[in-house]
Amino acid sequence: MMSLKKEFTFKPRKSENLSLGKISEPPSKDFYKSLVAEDTNDIYSIVQKININSNHDNPHILTYKSFALEREGNKLRFTVKINNMKTNLLSYIEEKKKKNETTTKKEIVNILYQTAHALEYLHSKGIPHQNLKLQNIFIDYSNKYLISDIAAPGTNFKTKNEDRLRYSPPEFYEHKAEPFSSDIWALGIIILEAVHRERLVPLSEIPKDQWGDYIIKKCQMLMEIDKDLYEIVLWMLQFRPAERPSFRHLKRETERKFSLFIHEKLYSLNELETVRS
């Protein structure tokens, strides 16, 4: 059995009576994420994942507070507890659709801006997220957006399920996907899903010669909300990875054009040093 890296600072706690899928009532609503290890490589990957998600200083990355560890035959199940979140973005837009409520311009701007801030921080550390989706963006009781479930570096995803394909860029289908620019594409898809209040169809289910028309058609609703938002999201969804913005450029452009809609101005580590000096 391989040894765990010393940088892993969590210690398995005694049973906290965690039950998978159990969600308590507000004001302390908790979510649980289950991670199953089948071999030593899985254990190492999960340990890295928990370490990344628990050791950071960014206000828009959700921190894993505790986890329970159980043995199931030859497998190990890590159950991570996510404390005191109001909901995740998938549940939020589904609820909006049931109530026939639109996603507001202010909500779209802050999802974009706050998520870009968190991802700019990760990318500056050389860490791509690699697992962006509606379910992995949480909303707390102050209506702050937090990303979660950052994949461990070098993760080799064993399954290409519909959820993963939904957020995969065009180059993924040519086995040329680069994780950093793929994160930009994934956030662009998330913004479209928030606007439409529904899941988008993966490109794998659309004829390749119709991909461009499909993306432009889905962006049209943004044009009705704000032309600048339309142009920013279209920029994120460029088919050539090199033509997509970095998260630093994306955050600055969003800040420049939508400062009146942003809850609070957020600084990168370099910007903070400049401000403090």
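How are α3 and α5 oriented to each other? Keep that in mind as you open this predicted model and follow the stops below.

**Stop 1: α3 and α5**

Select residues 105-124, which form helix α3, and then add α5, residues 179-196. The two helices pack at an angle of about 165°, and 11 Å separates their axes. Angles over 145 degrees count as roughly antiparallel, so α3 and α5 are roughly antiparallel to each other. Their crossing is right-handed.

Now show the side chains where the two helices touch. On α3, pick Ile108, Ile111, Leu112, Thr115, Ala116, Leu119 and His123. Their partners on α5 are Phe180, Asp183, Leu187, Ile191, Ala194 and Val195. If you colour this contact by class, you will find 10 nonpolar residues, two polar and one charged.

**Stop 2: α3 and α7**

Keep α3 on screen and select residues 227-236, helix α7. What angle do α3 and α7 make where they pack? The angle is about 35°, with 12 Å between the axes. Here the crossing is left-handed.

From α3, the contact takes Lys105, Ile108, Val109 and Leu112; from α7, Leu229, Ile232 and Met236 join in. Colouring by class gives six nonpolar residues, no polar ones and one charged. While you are here, look again at Ile108 and Leu112 of α3: both appear in the contact with α5 and in the contact with α7.

**Stop 3: the cavity**

Next, look for empty space. How many cavities of 30 Å³ or more does a search of the whole structure find? The search finds one, and the largest cavity holds about 30 Å³ of space.

To see its surroundings, select Arg166, Trp185, Ile189, Leu200, Val201, Leu203, Tyr214 and Ile215, which line the largest cavity. Two elements, α5 and α6 (211-225), each give two or more residues to this lining. By class, the lining has seven nonpolar residues, no polar ones and one charged.

**Before you close the viewer**

Show α5 once more with both of its settings: α5 packs against α3, and α5 also contributes to the lining of the largest cavity.

Conventions:
Residues are numbered from 1 along each chain as its sequence is written. This is a predicted model: local features need pLDDT of at least 70, side-chain atom pairs count only at pLDDT 80 or more; totals for chains, interfaces and linings use all residues. Side-chain values use heavy atoms; hydrogens and water are left out. On a 1 Å grid over the protein atoms alone, a cavity is a set of points where a 1.4 Å probe fits but cannot get out, and a pocket is an open set with protein on both sides within 12 Å along at least five of seven lines; lining residues have an atom within 4 Å of a point. Grid points are joined across faces, edges and corners, and a volume is the space filled by probe spheres set on the points. Helices (H or I, at least four residues) and strands (E, at least two) are DSSP runs, numbered from the N terminus. Ala, Val, Leu, Ile, Met, Phe, Trp, Tyr, Cys and Pro count as nonpolar, Asp, Glu, Lys and Arg as charged, and the others, Gly among them, as polar. Axes are lines fitted to C-alpha atoms, for helices over the stretch in contact, and angles run from 0 to 180 degrees between N-to-C directions. Angles under 35 degrees count as roughly parallel, over 145 as roughly antiparallel, 65 to 115 as roughly perpendicular and the rest as oblique. A crossing is left-handed if the near helix is turned anticlockwise from the far one by less than a right angle, and right-handed if clockwise. Contact means heavy atoms within 4.5 Å.
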